[in-house]
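Please walk me through this structure, taking one region at a time. I would like to see how individual residues sit in their surroundings.

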Amino acid sequence: MTDPSIRDEVRTRRAIVRAAPIAALLYPLLLAVLFRAGQMTGAIREVALIVSLALLFSVPVIVFAVIRRTGASGNPSITTHRARIVAHLAFAAPPLFTFIGVLTYMAGLSNGDYWAWIIVWPLAIIWLMREDASPVVSRSAPKWLAPVHGTVAITLIAGFVLLHFFNHLTGLWSAETHIAVMKILRGWYRNGFVEPVLVALMLFMVGSGLVLLRARLARASDFFGTLQTVTAAYLLFFIPGHMNSVFVYQRWFAGKDTDFWFASGGTAGLLGDGWSVRLIPHYLLGVWALTTHA
């Protein structure tokens, strides 16, 4: 007979690790709730928006708690390691769902993002159900990679990111101001030499970040270490997803400019469209992830 306390502990552990994919699975539903709240009128609209935003942002909070719980062990089992991988993917739900949405739209697959979502996360839960107590094989990244990763990050922040953030802040003044500043800054980062280098460095950050993250997930992590890994996972999807939206979708597929109206969902705003509402957590957490990770 198995000790009841051990059975309860196992059940609790399983419930904890499955909380992350379940939260991610519910993410599109919570986006729909936020969209419906935005369509309301009167005083109830503000209350509904606050509640729906709290529910929506509870997803990364829950997932972060799961990652902290599973990251305590310095020699995790394969099952625990799988749980950490799935939880980090769940934390990246906003850019992942947006990225999939753009790709399926370009492919002409109606609601393809939703179908992909309801297939992937149940499969992740099934994967987590496979118990394996064997210790995970520890992996290490090349020693030179972390300092090079950091040096490239500083270069990108100084040469592009700060300028890009400043440009977006001017949108608080007016759309016209944002577009005017954007045209000036494009003389620098859309230069025929600078832009290809910028793209190459961004792709290097994604590739090197993946290698560094893979090594870190097999080791114990404290609170700040967890902040580093969850923001890394977020940026692994946010950066290529954002680049795909700008370079491939908007410029090539749609043939339109990537100006203020592209980023803000047009005259209807991000709350005025059932698809664009996903960009609210996508962008907000994207800025947070980048600054926190840096």
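Gly-265 makes a convenient starting point, because with a relative accessible area of 25% this residue counts as partly exposed. The model is a predicted one, and in this model Gly-265 belongs to the loop that runs between helix H10 (260–264) and helix H11 (279–293). Once its neighbours within four places in sequence are set aside, Gly-265 is in contact with Leu-270 and Ser-276. Its C-alpha atom is separated by 9.4 Å from that of Trp-275, a residue 10 places apart from Gly-265 along the chain. Trp-275 in turn has a partner of its own, since Arg-278 lies over the face of Trp-275, at 4.1 Å from the ring centre.

From this loop the reader may turn to Gln-250, which is found in helix H9 (residues 223–253). Is Gln-250 buried or exposed? Its relative accessible area is 7%, and because buried means under 20%, Gln-250 is buried. If residues up to four places away in sequence are not counted, Gln-250 touches Ser-245, Gly-255, Lys-256, Asp-257, Thr-258 and Phe-262.

Helix H9 also takes part in an aromatic pair, and such pairs can be considered next. A pair of aromatic rings is described by the distance of the centres and the angle of the planes. The structure holds 15 aromatic pairs. In one of them, the rings of Phe-91 and Tyr-234 have centres 6.4 Å apart and planes at 75°, so this pair is edge-to-face. Because Phe-91 lies in helix H3 (residues 78–91) and Tyr-234 in helix H9, the pair ties together parts that are 143 residues apart in sequence. Both Phe-91 and Tyr-234 are buried. Elsewhere, ring pairs link Tyr-27, Phe-97, Tyr-114, Trp-117 and Trp-121 into a cluster.

Asn-111 deserves a look for its backbone, which has a positive phi of about 60° although the residue is not a glycine. This asparagine lies in the loop between helix H4 (93–106) and helix H5 (112–128), where Asn-111 is partly exposed, with a relative accessible area of 46%.

A contrasting setting is that of Ile-67, a residue of helix H2 (residues 43–70). Ile-67 is buried, and its relative accessible area is given as 0%. Which residues does Ile-67 touch, not counting residues up to four places away in sequence? They are Arg-84, Ala-87, His-88, Thr-226 and Val-230. Between Ile-67 and Ala-232, which are 165 residues apart along the chain, the C-alpha atoms are separated by 13 Å.

The remaining part of the tour concerns helix H6 and its surroundings. Helix H6 (residues 145–169) packs with helix H8 (residues 194–216) at an angle of about 145°, and the axes of the two helices are 10 Å apart. In passing H8, helix H6 makes a left-handed crossing. On the side of H6, the residues that meet H8 are Leu-145, Ala-146, Val-148, His-149, Val-152, Ala-153, Thr-155, Leu-156 and Phe-160. Their counterparts in H8 are Leu-198, Leu-201, Met-202, Phe-204, Met-205, Ser-208, Gly-209, Val-211 and Leu-212. Taken by type, the residues of this contact of H6 with H8 divide into 14 nonpolar, 4 polar and no charged.

Two residues of H6 can be examined individually. Val-148, found in helix H6, counts as partly exposed at 32% relative accessibility. From Val-148 to Met-205 there are 57 residues in sequence, while in space the two are 9.5 Å apart, C-alpha to C-alpha. Asn-167 is likewise found in helix H6, but this residue is buried, with a relative accessible area of 3%. Not counting residues up to four places away in sequence, Asn-167 touches His-178, Val-181, Met-182, Leu-185 and Tyr-189. Asn-167 and Ile-184 are 17 residues apart in sequence, and their C-alpha atoms lie 9.8 Å apart in space.

Notes:
Residues are numbered from 1 along each chain as its sequence is written. This is a predicted model: local features need pLDDT of at least 70, side-chain atom pairs count only at pLDDT 80 or more; totals for chains, interfaces and linings use all residues. Side-chain values use heavy atoms; hydrogens and water are left out. Axes are lines fitted to C-alpha atoms, for helices over the stretch in contact, and angles run from 0 to 180 degrees between N-to-C directions. Helices (H or I, at least four residues) and strands (E, at least two) are DSSP runs, numbered from the N terminus. A crossing is left-handed if the near helix is turned anticlockwise from the far one by less than a right angle, and right-handed if clockwise. Contact means heavy atoms within 4.5 Å. Ala, Val, Leu, Ile, Met, Phe, Trp, Tyr, Cys and Pro count as nonpolar, Asp, Glu, Lys and Arg as charged, and the others, Gly among them, as polar. Buried means under 20% relative accessible area, exposed over 50%, partly exposed in between (1.4 Å probe, protein chains only). Rings of Phe, Tyr and Trp (its six-membered ring) pair if their centres lie within 6.5 Å; planes under 30 degrees apart count as stacked, over 60 as edge-to-face and the rest as tilted. A charge sits over a ring if NZ of Lys or CZ of Arg is within 6 Å of the ring centre and within 35 degrees of the ring normal.
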